[in-house]
Amino acid sequence: MSSLSLDLSALQRRPVFTSDVRVDSHDLVAREFSDHGLKWCSGAVDTSLSKVRIRQLQLFMLQYGAEVEIRPRPFDDFVLVHLSLSGTAEMVSDGVPIRLPAGAAALIAPRHNLHMRWQQGARQLILKVPCQLLRAWAPQLLVGDTTFAHPLLPLSAVQGQQWHFLMQSLLHVSQQTVESTAHARWVDHMESNVALFLASCAQGVPALSVTTASMDQRVVGSAAGGDVRRLDKLDVYMRSRLCAPVALEDLARAAGVSVRGLNMLCQRHHGESPMALLRNLRLDAVRARLQQRPGHCVTDAALEFGFGHLGRFSSYYRERFGELPSQTAGS
C-alpha cells in the first residue's frame, strides 16, 4: 500500500515545525521522542514534523529530507510503531535487523541499541504508544512494567494493511471535537484496540523467556544506564569547557572510561568520535553567538570557542549548518 491510500490532511494541518537547519531539526525532534545521535549523510535538510494527539496516543509524521543515521538513547515509557510512507528505513535493534520500504510497518521498542538509517526523502508515520496503555490492555507484551518482549517486531503484509486501517481511523478521530462521555468511551475503546492489535501481531513470534528476558533487562539496563550516566558526565564537562583547550584524555577522564572506551561509547550512541561531538557543540555555540549578536565578528566568535584554524572552522561550519558563518552573522 502507498501513502496515497491514507488521508493525511489532519497531520498536514498540525505542523510542529519545519526547518532546513540541522541543529534545530535534531533538538526539536528530540523534544517529542528521546535524545539521540543524528548523523547527516547526503541530500538537503528539509525536516518537517507534524503531530496529532488522540487521548493517550500521539501520531506523528516525520521526514528529514536528507539521508540520516539515527541512534536514539533507550526509552522505556513508550514504544513506537513506524509506518513507512515513502522511501526506505533500515533499522537494527538489539541485533535484530529489518528493512521498511514504503507501506511496511514495524514496532520498535529498544532495550539497548537502536540504529536507523533513513534514505533520502524517507517519510514515516509514527505512533507513540505509552507503556501505561500496554500494561492495561496487553500486559503480555511487557517483561516487567516497561520492557517490551520484542525489541523490533515487523508487521506482516496482512497486519500492515490492518495497521493502515487503524491509523486512518485514528486520524479521523483526531479531527473530531465532540465532548461527551459516550465519545470519550469510544475513543478509549479505539486506543485499547491498538494495544490488543499489537498483542495479536506478537502472538506466535518467538520471544525471550521471562527468566532470560529478566536477566537481559538487568544486564542491558545496567549497561545502558551506565552509558547514559557516562554520556551525561561527558556532556556536562564538554559544555563547561567550550572556551578552553581540551584533550581526548580529558574527555575520557570526565566520562570515567579509558580513551578506547570513550571512542566506543560515542560511536555506539552518536556515531561520531568524542572530539567530533565537542567540535559540534562548539559550532553550535558559535552559531548561537552570531545569531544573538548580528554583525558580531566571526573571527572573534570562532577564537572564543576554540577554533584556531579559521579555514577549517568555516568548512566545519558550512558542513553542519549549510551556510558560511559570515552569512549567519549578516542575517
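The lining of the largest cavity is mostly a nonpolar affair: 14 of its residues are nonpolar and 3 are polar, with no charged residues at all. The model is a predicted one, and the cavity search turns up 1 cavity of 30 Å³ or more. About 170 Å³ of space sits inside the largest cavity. Its lining adds up to 17 residues, with Phe33, Ile70, Pro72, Leu80 and Met116 lying nearest the centre. Strands S5 (68–72), S6 (78–86) and S10 (114–118) are the elements that each give two or more residues to this lining.

Two of these strands, S5 and S10, turn up again in an open sheet of 5 strands. The order across the sheet runs S2-S5-S10-S7-S8, and the pairing is antiparallel. S2 and S8 (96–100) sit at the edges with a single partner strand each, so one side of each has no neighbour in the sheet. On average, and ignoring direction, neighbouring strands here are turned by 15° against each other. At the S8 end, S7 (residues 89–93) and S8 run antiparallel and are joined by 5 bridges. One residue pair to look at is Glu90 and its bridge partner in S8, Arg99.

Edge strand S2 also has a part in the largest pocket, as one of the elements that supply at least two residues of its lining. About 600 Å³ of space lies in this pocket. Of the 25 residues lining the pocket, His26, Asp235, Arg239, Leu281 and Asp284 come closest to its centre. Besides S2 (36–40), helices H2 (22–32), H6 (210–240) and H9 (274–292) each put at least two residues into the lining. H6 provides the largest share, with 6 residues. As for the make-up of this pocket, its lining has 10 nonpolar, 5 polar and 10 charged residues. That charged count can be set beside the cavity lining, where there are no charged residues.

Turning to helix H4 (residues 157–174), its length works out as it should. At 1.5 Å a residue, the 18 residues of H4 should span 26 Å, and the C-alpha atoms at its ends are indeed 26 Å apart, so the two values agree. Burial runs through much of the residue list for this helix: Gln159, Gly160, Trp163 and His164 are among its buried residues. Further along, Leu166, Met167, Gln168, Ser169, Leu170 and Leu171 are buried too, as are Val173 and Ser174.

Key: Residues numbered from 1 in each chain as written. Predicted model: local features only at pLDDT ≥ 70, side-chain atom pairs only at ≥ 80, totals over all residues. Heavy atoms only, no water. Helix = DSSP H or I, 4+ residues; strand = E, 2+ residues; numbered from the N terminus. Expected span 1.5 Å × (residues − 1). Buried < 20%, exposed > 50% of the residue type's maximum accessible area, 1.4 Å probe, protein only. 1 Å grid on protein atoms, 1.4 Å probe; cavity = no way out; pocket = protein on both sides within 12 Å on 5 of 7 lines; lining within 4 Å. Points joined across faces, edges and corners; volume = space filled by probe spheres on them. Nonpolar A, V, L, I, M, F, W, Y, C, P; charged D, E, K, R; others polar. Pairing = 2+ DSSP bridges. Axes fitted to C-alpha atoms, helices over the stretch in contact; angles between N-to-C directions.
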